[in-house]
Every structure is written in structure tokens, then in C-alpha cells.
Amino acid sequence: MTNANVTDKNFTQVANFNITVQDDIPVAFDITRSTSVTNAATNLTIVLDLSGSMTNTVTVGGVNMTRLAAEKLAAQQLIDAYAAQGPVNVFVAGFANTNIAVQGGSVWKNVADAKSAIGALQIPVNNTDEYFTNYDQGLTAARGGYSAANIAGLHANAQDVLYFMTDGLPNRGAGGNGPGSVTGVTDPNGAVIGAGSGISPAEEAAWQSFLKGGELNSSGEKITAFAVGVGPDVPSIGGVAPLNPIAYDGVTGTDPAGTNAGQDKYTLVIGDFNDLSAALLSTLITPPVSGNLLTDPSPVDGSFGADGG
């Protein structure tokens, strides 16, 4: 209660009255917004191992098939998952001890043509030298999509993602030895491991430069690269050591650690071909969605009071 004195020349009167000062306070309530990722363009590179061990039989979903067939199926499902987000161009590459020719040529393909090209990939059974696994050749093939001759096939304003898949140890190569490579012994399939196999530190630096839009990358696009080792041979060779140099985030220019000790974030080691497709789909990169919860897509009464405070 407030008192006020009212005075004229003859007398003074005391008046009593109430003054109420009220400010609206925020009232919490749920705001629900839903969105879907549409028209999120992706340039997707898929590099597949076509070495001799990919002829080995595995059982996936109760069906007997070669490792190569399981690898193809998972790659095609990965393409479909990215296509569900928006337009996708796909660059398909195959490797063993050299680069393997791809149906339709080494160019960017639409979803249907890419899946067809993957389905047509074969292991070069008439060339025993191609039975070996040469990671260097795989990375050389992967760079093809970003060569001067191919950059016209890239989606503009798109995310760039690369998957390198293999079922085992590098046992051929060029340059210095890389992690996980030991000369003078045999791998689990009996192949002699040669000098220069794996990705050496110098080769890793060049690869990371490429992924950051630098060396041999005529587009300047930045690429996130996943290195995927699948099958029972991978854990037996130390798993992550040969694969880590391939896994890299070219977008941020970092090589973040994964949750497992010694394993990069973008390195996947999958012991069973049954788990390959699910593991790949779990890596799906979804472009960020931005906006304002209060104003998008239409304004909501989310103010903080009548006086705006």
C-alpha cells in the first residue's frame, strides 16, 4: 500500500491506494517442429577391393555368396541411402594390384548407372598378379573423380563423401612401407607381403592434401573419407593400422580419434560380412538443417512477455 499527501492552502489529506507493478514472465511450452532432408546433393566415391580373397565364400542373411557379392550389395544399399536425401552422383573405382576397369568408364554416374557398374565388377581371375591387394592403387583410382577431366560431373554445392572398402592387408604397393605392413611374411591368405605395401607417412600426407582440396584435386572440394575393413582377415592383421592413414575428415582438416583405442573416427573394422551394410548405413552423413524454432516455418507465440522482457 502506498500513502500520498494531498495538500491545499487550508489542509492536508492523506490518501491510501495500491499500485500493482506486473511484468509478464516467460511461460514454458512445447514447440514442435519437424523437417526432412531433401535436395541434399552428394558426390559419393566408392572404392571396392577386387583382390583374389574376395572370391572366398561368406554367408549373409542365410545366403551363401562371395565376399565380393556381399561388398557390392552393401555398396548399392549405401548409394540408395544417400539418394534418399537428394541428388547423388557416384564415382565407382575398383582395385587389386592395379586399378580395375569399371563399366561405363571412370566417370561420375547417376544412381542407376553406378549400381549397374558395381554389379558388373569382376575379379580378374586370369591374372594371378591381380590377386594381391594394393592400397596405393585404390587411392590412385579414388582420385579420378576429382581430376580435371571429371570435375564437370560433380554436383555443385554438395557434400563429398568417400568409402574405401577392403577385406584384408595390403600386400603390394609403391613407395615406403605403411603401418601394418611387414615385409618377408605372408598374410592370412598366404600371399607374400612385398616392400612398399600399405600407405606410408608421405603417401598419407599426400592423400590428406587431396581430401582437403589440394594435391591432385582439381575441384578444390573437401572430402570426408571412410576406410572400411570387413571380414575375418581384418582383425587378424591388426585391423586399424593399415586403414587409419586412409580415414580422414578433409572438410575440417582433422583426423579425429574414434571411440576404440588406436582407431580413427572414420575407420571401420567389421568382422562379419553380415554387419557390413548396417555399419555403412550408420555412417550416413546428413547435411545440417538450420532455422529458428520460433519463426520457422511460421511464427509462434514464443515471446517473453508483454513488454518483450
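Helix H4 covers residues 201–211, and its buried residues are Glu-203, Ala-206, Trp-207, Gln-208, Phe-210 and Leu-211. Keep in mind that this is a predicted model. What sits on top of those buried residues? The cover includes helix H3 (135–142) along with three strands: E9 (159–166), E10 (223–230) and E11 (248–249). Just past the helix comes Gly-213, with a positive phi near 95°.

Trp-207 is a good place to start looking around. Setting aside neighbours within four places in sequence, Trp-207 is in contact with Leu-139, Ala-142, Arg-143, Leu-162, Ala-225, Pro-245 and Ile-246. Trp-207 also belongs to the largest nonpolar core, which has 64 residues, and is listed with Ile-46, Tyr-163 and Val-228 as having the most contacts inside it. The largest share of this core comes from helix H1 (residues 67–83), which puts in seven residues. As background, nonpolar side chains tend to be buried together in soluble globular proteins.

**Helix H1**

How enclosed is H1? Twelve of its 17 residues are buried, so the rest of the structure largely encloses this helix. The buried set is a mixed bag: Arg-67, Glu-71, Lys-72 and Gln-76 are in it, and so are Leu-68, Ala-70, Ala-74, Ala-75, Leu-78, Ile-79, Ala-81 and Tyr-82. The length of H1 checks out too: at 1.5 Å a residue, its 17 residues should span 24 Å, and the end C-alpha atoms are 25 Å apart, which agrees.

**Strand E9 and its partners**

Now for strand E9, where eight of the eight residues are buried, so it is largely enclosed by the rest of the structure. Both of its faces are covered: one side carries Gln-159, Val-161, Tyr-163 and Met-165, the other Asp-160, Leu-162, Phe-164 and Thr-166, and all of them are buried.

Which strands pair with E9? Strand E3 (residues 42–49) runs parallel to E9 and is joined to it by seven bridges. E10 also pairs with E9 in the parallel sense, over seven bridges. Met-165 is a handy residue for seeing both pairings: this E9 residue is the bridge partner of Leu-48, and it stands opposite Val-228 in E10.

Staying in E10, that strand also holds Ala-225. Ala-225 has a relative accessible area of 0%, so it counts as buried. Its C-alpha atom is separated by 8.8 Å from that of Asp-160, although the two residues are 65 apart along the chain. Leaving out neighbours within four places in sequence, Ala-225 is in contact with Leu-162, Trp-207, Leu-211, Ile-246, Ala-247, Tyr-248 and Tyr-266. That list takes in Trp-207 and Leu-211, which are among the buried residues of H4.

A little further along, Thr-267 lies in strand E12 (residues 267–270). Thr-267 is buried as well, at 2% relative accessibility. Not counting residues up to four places away in sequence, Thr-267 touches Ala-227, Val-240, Leu-243, Asn-244 and Ala-247.

**Aromatic pairs**

The structure holds nine aromatic pairs. One of them is Phe-91 with Trp-108, a tilted pair with 5.6 Å centre to centre and 55° between the planes. That pair links distant parts of the chain, with Phe-91 in strand E6 (residues 88–95) and Trp-108 in strand E8 (residues 108–109), 17 residues apart.

Phe-95 and Phe-164 make another pair: their ring centres are 5.0 Å apart and their planes are at 25°, so this one is stacked. It too links distant parts of the chain, since Phe-95 is in strand E6 and Phe-164 in strand E9, 69 residues apart.

How accessible are the four rings' residues? Here are the values:

| Residue | Relative accessible area | Status |
|---|---|---|
| Phe-91 | 1% | buried |
| Trp-108 | 11% | buried |
| Phe-95 | 0% | buried |
| Phe-164 | 0% | buried |

And which residues make up the aromatic cluster? Phe-91, Trp-108, Tyr-146, Trp-207 and Phe-210 form one cluster, which brings us back to H4, where Trp-207 and Phe-210 are both buried. Phe-210 has a charged neighbour as well: Arg-143 lies over the face of its ring, at 5.5 Å from the ring centre. Arg-143 is also among the contacts of Trp-207.

Note on methods
Residues numbered from 1 in each chain as written. Predicted model: local features only at pLDDT ≥ 70, side-chain atom pairs only at ≥ 80, totals over all residues. Heavy atoms only, no water. Core = buried A, V, L, I, M, F, W, Y, C linked by side-chain atoms within 4.5 Å. Buried < 20%, exposed > 50% of the residue type's maximum accessible area, 1.4 Å probe, protein only. Helix = DSSP H or I, 4+ residues; strand = E, 2+ residues; numbered from the N terminus. Contact = heavy atoms within 4.5 Å. Expected span 1.5 Å × (residues − 1). Pairing = 2+ DSSP bridges. Phe/Tyr/Trp six-rings, centres within 6.5 Å; stacked < 30°, edge-to-face > 60°. Lys NZ or Arg CZ within 6 Å of the ring centre and 35° of its normal.
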